[in-house]
Amino acid sequence: MSLKESLEESQVQCNSTLLLHDLPDSIILQVFSKFTIKERLLFRRVCWKWHHLLNDYSVWRSVDLSEDSFLSSKVNNRVLESWVTSWGKTIQHIDVRDCKWLTDLVIITVAENCIDLKSLNIEGCFQVSDHGIDKVALNCSRLRKINVFLSGLSEDGFDRLLRKCSDLEDIKLGSRGNCHRMLLSVCRNVKDLKVIAIHDVIPFDEGEPVVDDLSLWRLCTCFPCLTAIDLTWCCFITDDALLALPFCCPNLASFTVRECHQVSDRGIRAVFHVCHESLTKIHLERLYNVSDVLCFSPEELKPFPNLKYLKVIDTSVSDVGIAKIAEKSPSLETLIVGEHCFNPFNIHGMFISTIAERCQKLQQFKLYSGRMKDSYLTAIGKSLPFVRELYLGDCRECSTEGLSKIITQCRWLQVLNIQNCIHVTSNTLSLISQNLRNLRELEILNCKSITTLDVLELKRKLPLCDVRY
């Protein structure tokens with residue numbers, strides 16, 4: 001073969017397109033395992049080869065019905081039982097939260113077939129009781145993560161589960177007013193807890209024990225390596241418990257406090273002071289005694305070098321407080337702030353310039369209740385061109401020029417929400433279709449200058465984009 005022929009053949013090979021179908025089966029299986037259940041089921045219809053490959057055990061290590069509400073409503077006990085029977089040998093993670101149709105019979109099938117099960121989420125499955133979970137305790141000794149919130153499991157059934165599965169590392173508990181007793185079982189039986197979510201309720205019976213400061217102190221003392229804690233509806237937890245938390249668990253990475261109405265600046269500040277270097281997630285919600293004082297302690301607010309997620313909803317923290325925390329968080333990737341229920345409103349959006357200047361890694365930004373202005377949009381477009389999700393909320397004070405700044409400069413946007421803006425017109429949607437080719441979700445609520453025809457035209461140009469208007 002001449003040199004010229006060799007070069008021509010090489011060029012042909014370089015220009016040929018490599019299809020997924022041409023890859024080795026082992027590579028195709030790895031690709032398939034990354035998709036959701038709904039996508040995997042659709043791919044089975046493509047060809048006989050894919051149908052055969054998608055019956056392979058390796059693709060079904062996870063069954064997650066929480067990914068798609070439509071799918072979870074269509075799947076039933078019989079379908080899920082057939083999946084577990086077919087692929088149970090390799091299934092390690094099952095998430096069936098809010099599948100109210102789920103019964104003990106399916107959980108028993110899970111226990112009998114999924115002996116390598118490591119994670120089980122039955123949140124909201126009130127038909128699942130001690131009868132089914134007893135089988136899980138008997139057969140699934142490798143379980144590491146369990147969520148029994150709002151299930152039909154009693155404290156006695158939960159105690160039996162923990163005695164058999166003492167290697168659990170991640171637990172979410174709370175249902176029917178038995179949270180206190182469940183917490184005692186955790187302290188007695190679990191060896192090395194890393195993550196816990198406690199969702200308590202106000203008991204109907206006056207003599208019913210509740211999760212209080214003593215409960216939290218006992219928990220922290222038993223598990224000094226705790227890295228994540230979620231306290232929700234723990235109405236009897238006070239600042240005194242939070243003062244002890246960081247000293248018992250100094251490596252806390254995730255800290256969530258919601259609707260604990262006795263918690264104030266004093267307790268939150270104690271956690272921030274000790275754990276500021278390890279914290280990666282902070283979520284404060286409906287804490288009306290938490291205010292800007294949180295950021296004005298006698299000592300200057302310490303930096304949060306590893307903080308990636310900050311959510312502050314319905315507190316007394318204002319724009320000033322949000323700016324103070326955010327400017328100390330250079331690694332911030334997600335910021336969600338605002339007010340749904342609290343009045344008077346404290347969040348207006350004046351912190352956005354600080355966010356845009358200091359948080360260059362921000363990927364997701366959601367603002368509730370504050371009003372956007374053109375200067376805010378300009379700051380976001382100029383300093384955060386790689387942001388992927390923007391919930392701009394109320395944009396009635398924004399102009400066409402301000403919206404254009406976002407659309408033309410934040411070209412990596414996948415999710416965009418705009419409300420109450422009369423300047424969103426057919427021209428705006430045309431600009432979106434030209435610049436935001438990666439957009440997958442667009443909300444343009446109460447933007448009265450657009451018509452159904454305008455939206456249909458946008459859908460024609462961006463067929464993968466889900467538009468709500």
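Modeller: Let us begin with a definition: a residue is buried under 20% relative accessible area, exposed over 50%, and partly exposed in between (1.4 Å probe, protein chains only). You are looking at a predicted model, in which local features need pLDDT of at least 70 and side-chain atom pairs count only at pLDDT 80 or more, while totals for chains, interfaces and linings use all residues. Residues are numbered from 1 along each chain as its sequence is written, and side-chain values use heavy atoms, with hydrogens and water left out.

Colleague: Thanks! Why does Arg286 count as partly exposed?

Modeller: Its relative accessibility is 27%, and partly exposed is the class between the cut-offs for buried and exposed, so Arg286 belongs there.

Colleague: What makes the pair of Glu259 and Arg286 a salt bridge?

Modeller: The rule asks for a side-chain nitrogen of Lys or Arg within 4 Å of a carboxyl oxygen of Asp or Glu. Here the closest N and O atoms are 3.9 Å apart, so the pair meets the rule. Glu259 sits in the loop between strand E8 (254-258) and helix H13 (265-275), and Arg286 in strand E9 (residues 281-291), so the salt bridge ties together parts 27 residues apart in sequence. Helices (H or I, at least four residues) and strands (E, at least two) are DSSP runs, numbered from the N terminus.

Colleague: Which residue of strand E10 also forms a salt bridge with Arg286?

Modeller: That is Asp314, again with 3.9 Å between the closest N and O atoms. Asp314 lies in strand E10 and Arg286 in E9, so this pair ties together parts 28 residues apart in sequence. Asp314 has a relative accessible area of 1%, so it is buried.

Colleague: How many salt bridges does the rule give?

Modeller: The count comes to 23. Another one of them joins Arg468 and Glu443, at 2.9 Å from N to O. Arg468 is in strand E16 (residues 466-468) and Glu443 in strand E15 (residues 441-445), 25 residues apart.

Colleague: Why is Lys172 called buried?

Modeller: Its relative accessible area is 19%, so Lys172 falls on the buried side of the cut-off. Lys172 lies in strand E5 (residues 170-173). Among the residues it touches (heavy atoms within 4.5 Å) are Glu123, Phe149 and His199.

Colleague: How do you know that strand E11 is largely enclosed by the rest of the structure?

Modeller: Five of the five residues of E11 (residues 334-338) are buried, so the strand is largely enclosed. In a regular strand the side chains alternate between the two faces of the sheet. In E11, Thr334, Ile336 and Gly338 point one way and Leu335 and Val337 the other, all of them buried.

Colleague: Why do E10 and E11 count as paired?

Modeller: Pairing requires that DSSP finds at least two bridges between two strands. Strand E10 (residues 309-316) and E11 have five, in the parallel sense, so they pass. E11 also runs parallel to strand E12 (residues 364-367), joined by four bridges.

Colleague: What puts the buried residues of H11 on the same side of the helix?

Modeller: In helix H11 (residues 213-222) these are Asp213, Ser215, Leu216, Leu219 and Cys220. They cover an arc of only 160° around the axis, which puts them on the same side of H11. That arc is taken from the directions from the helix axis to the C-beta atoms. Their cover includes helix H10 (179-189) and strand E6 (195-199).

Methods: Lists of a residue's contacts leave out its neighbours within four places in sequence.
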